Number of protein chains: 2
Amino acid sequence: MKNRFLSVVLFLGLINLNVNAQQALWGGGQITSPEINTDQTVTFRYFAPDAKEVKISGDWLPSKDWVPGSEIMNKNENGVWNFTTSALPSDLYSYSFIVDGLKTTDPNNVYLIRDVAMVFNVFIVGGGKADLYAVKIVPHGSVTRRWYDSPSIGFNRRITIYTPPGYETSKEKYPVLYLLHGMGGDEEAWIALGRTSQIMDNLIAQGKAKPMLVVMSNGNVSQEAAPGESSLGLYKPTFELPNTMDGKFEESFRDVIQFVESNYRVKAEKSGRAIAGLSMGGFHSLHISRYYTKSFDYVGLFSAAILPDTSVTSKIYENLDATLETQMKNGYKLYWIGMGKTDFLYNDGKAYRARLDKIGMKYTYLESEGGHTWTNWRVYLSDFVPLLFR
Amino acid sequence: MKNRFLSVVLFLGLINLNVNAQQALWGGGQITSPEINTDQTVTFRYFAPDAKEVKISGDWLPSKDWVPGSEIMNKNENGVWNFTTSALPSDLYSYSFIVDGLKTTDPNNVYLIRDVAMVFNVFIVGGGKADLYAVKIVPHGSVTRRWYDSPSIGFNRRITIYTPPGYETSKEKYPVLYLLHGMGGDEEAWIALGRTSQIMDNLIAQGKAKPMLVVMSNGNVSQEAAPGESSLGLYKPTFELPNTMDGKFEESFRDVIQFVESNYRVKAEKSGRAIAGLSMGGFHSLHISRYYTKSFDYVGLFSAAILPDTSVTSKIYENLDATLETQMKNGYKLYWIGMGKTDFLYNDGKAYRARLDKIGMKYTYLESEGGHTWTNWRVYLSDFVPLLFR
């Protein structure tokens with residue numbers, strides 16, 4: 001009989017050979033990178049004995065014109081380039097190696113996130129706010145990619161929906177947070193870069209957030225779905241999408257609400273709806289919450305763009321002050337604004353707050369360090385969600 | 001008012017600057033790679049003016065000891081390395097660049113798939129079988145990542161579930177295909193590498209497959225979830241997981257069935273259940289379908305490992321012939337075996353078929369070209385699914 005088992009043993013053996021052969025070929029070896037050290041420093045390693053210069057570029061380094069800074073790594077006698085950061089505050093970070101001038105991913109780190117048209121390796125430094133971004137041993141919600149009909153747009157579209165732990169077996173009706181992405185993003189942005197399902201699971205487990213659905217729609221009305229998930233195939237993504245801030249998405253948003261409220265056990269009422277978004281998604285949230293009167297008791301503007309380009313004409317953007325006054329008169333529980341001190345939209349946000357002050361519209365304001373970054377948006381989500389549906 | 005809009009314009013401008021600056025830094029430029037040409041050749045491009053040698057390594061090239069072959073690319077006067085393949089048969093392919101001996105991903109292709117501990121770029125050549133692997137304008141099923149309690153294992157585990165178009169709004173009961181991954185895989189393998197949701201959507205839309213649920217469990221009983229999706233954090237994945245082929249997964253499989261049949265509107269009967277898997281998952285399917293008597297009318301063994309190591313003792317693996325005879329006596333509709341001619345498990349499969357022949361157990365056999373590859377497993381899935389629940 002023994003020889004019959006040989007192929008299974010061989011199977012295991014060959015696969016090891018495969019990994020070893022590939023590692024020899026590709027220089028992965030037994031290297032660990034990144035290594036999160038106990039003192040919150042992080043060590044990166046990259047095997048490249050013949051490279052002239054290897055740099056690490058990451059979003060914890062000061063950036064210039066949106067390009068993250070970089071540091072030169074040091075080669076040891078085994079041809080492995082090393083770099084250890086100073087102690088990093090708890091966060092989810094992204095990085096790349098630059099090998100003789102060329103960006104490359106870290107072959108020892110399989111965790112990658114796409115941000116529009118670029119892919120970065122990621123890691124998490126715990127011991128602080130990023131503990132909310134990690135998967136913990138707590139009850140987990142479900143994450144579903146689903147398609148819905150959007151009659152206002154004229155085709156089916158993809159949506160990402162988080163349902164909280166217990167949703168499937170409960171008889172309760174749940175409130176809903178509609179969570180919108182920024183320019184270049186899509187229905188994958190909040191779940192991947194935003195760590196929404198981890199943040200929700202952890203906040204709910206800690207009793208800090210009410211169980212709720214989080215609906216992550218796609219704000220690019222020209223798209224069926226995220227790059228790679230539509231009939232366009234595996235094309236190269238771009239920021240330059242048509243009809244993103246011209247009122248069409250806001251008009252079509254009725255389809256999203258209609259779909260969610262017809263297909264999920266949710267509280268289909270103003271007190272059970274929140275809407276929030278980052279950057280362009282903050283812009284969408286601002287205008288959707290104004291335009292659909294009596295629809296949302298909770299609004300979150302994260303580093304929001306505020307006003308459309310002057311060339312845009314849409315009924316959605318008319319009568320800003322009057323509709324804000326109506327929104328105020330109809331009542332709401334929370335109008336939350338978050339902005340980073342160095343955000344390029346800072347002055348725009350400041351002017352908008354002055355406008356709200358002028359009409360006497362109350363809001364909660366968080367001014368954070370930093371700028372227009374996912375670092376801030378994860379924090380804003382973590383701060384905003386506990387305030388909802390109280 | 002105009003100056004208030006400036007920040008939005010700036011917003012757009014800065015983002016373009018960002019992309020351009022990053023492209024300048026990283027050499028992405030306006031390069032298209034890969035480009036699928038109309039004659040089914042594929043052109044790759046990589047900007048690296050100072051590199052001494054750039055090769056492309058891809059799974060359409062002959063492999064040796066599991067390492068895919070490579071071809072040297074040619075540098076043009078702009079520092080862009082080029083390579084055009086011969087016409088490729090329709091398929092989903094994976095590739096990497098090797099730049100002066102170092103594996104790197106293609107910075108112009110954001111589509112990446114992890115296979116155990118390595119990450120590859122992917123592309124699809126249509127015009128044939130891979131048309132099933134592409135997202136088409138057809139009704140789409142939903143894909144949910146969910147957690148279930150596994151009392152046999154002692155903790156909650158993650159599972160991927162495809163529900164067919166219309167499932168949520170129908171009152172019908174659906175049949176279920178349980179689809180199991182190979183060694184080193186997890187609950188992400190079939191949905192990512194296997195293109196299961198695309199294959200199912202397309203086969204159902206073409207009327208070639210019955211609408212069914214596809215349940216993709218995690219066959220590594222030591223894991224809560226796929227790498228990066230569990231409380232272990234963002235660790236380096238490995239093939240070497242404990243308790244993968246010692247009976248524990250098969251024993252715990254009752255929890256998966258119990259979960260699905262308690263939580264989904266499915267046909268909880270032998271005629272409504274199919275089980276199939278690749279390699280180790282074929283091994284699991286073979287033994288689960290024997291061990292849980294009267295449970296499955298459809299069984300698929302894709303490049304299956306057959307017998308456990310002789311050092312393994314588990315009641316699951318006892319009395320192979322007798323339990324197969326019982327399975328035969330209880331009746332089944334389809335016992336399907338697929339194997340590649342150059343698969344290292346070929347002889348093992350041949351011996352198993354001889355064993356089935358000896359006891360008179362009927363099966364359907366597909367012998368394909370090629371070996372132990374996802375290329376074959378996607379084909380086997382595409383061929384197997386239309387035969388189910390007829």
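**Strands and domains in a predicted model**

In this predicted model, 4 strands of chain B form an open sheet with antiparallel pairing, in the order β1-β2-β6-β5.

Student: Which strands are the edge strands of this sheet in chain B?

Tutor: The order of the open sheet is β1-β2-β6-β5, and an edge strand is one that pairs on one side only. In chain B the edge strands are therefore β1 (35-36) and β5 (74-75).

Student: Which residue in β6(B) is the bridge partner of Lys75(B)?

Tutor: Strand β5(B) is joined by 2 bridges to strand β6 (residues 80-84) of chain B, and the two run antiparallel. Within β6(B), the bridge partner of Lys75(B) is Trp81(B).

Student: Turning to chain A, how many residues of strand β16 (residues 298-302) are buried?

Tutor: To count as buried, a residue needs 20 or more other C-beta atoms within 10 Å of its own. Tyr298(A), Gly300(A) and Phe302(A) point one way from β16(A), while Val299(A) and Leu301(A) point the other way, and all are buried. In a regular strand, side chains alternate between the two faces of the sheet. The strand β16 of chain A is mostly covered, and the number of its residues that are buried is 5 of 5.

Student: Do β15 (residues 273-278) and β16 of chain A run parallel or antiparallel, and which residue stands opposite Phe302(A)?

Tutor: The strands β15(A) and β16(A) are joined by 5 bridges and run parallel. Together with helix α5 (residues 280-291) of chain A, they make a right-handed β-α-β unit. The residue that stands opposite Phe302(A) is Leu278(A).

Student: Through which helix does the chain cross from β16(A) to β17(A)?

Tutor: Strand β16(A) also pairs in the parallel sense, over 5 bridges, with strand β17 (residues 334-340) of chain A, where the bridge partner of Phe302(A) is Gly338(A). The β-α-β crossover between these strands is right-handed, and the chain passes through helix α6 (residues 320-330) of chain A.

Student: How many residues of domain 1 of chain A are in contact with domain 2 of chain A, and how many on that side are charged?

Tutor: Chain A is divided into domain 1 (28-127) and domain 2 (135-387), and their centres, taken over C-alpha atoms, are separated by 32 Å. In domain 1 of chain A, 6 residues are in contact with 10 residues of domain 2. β7 (91-99) and β9 (112-115) of chain A each supply at least two residues of the side of domain 1 that touches domain 2. The residues of that side divide into 4 nonpolar, no polar and, as the number asked for, 2 charged.

Conventions
Residues numbered from 1 in each chain as written. Chains lettered and ligands numbered in written order. Predicted model: local features only at pLDDT ≥ 70, side-chain atom pairs only at ≥ 80, totals over all residues. Domains from an automatic or database assignment. Contact = placed C-beta atoms within 7 Å. Nonpolar A, V, L, I, M, F, W, Y, C, P; charged D, E, K, R; others polar. Buried ≥ 20, exposed ≤ 12 C-beta atoms within 10 Å, placed from the backbone. Right-handed = clockwise from strand over helix to strand, strands pointing away.
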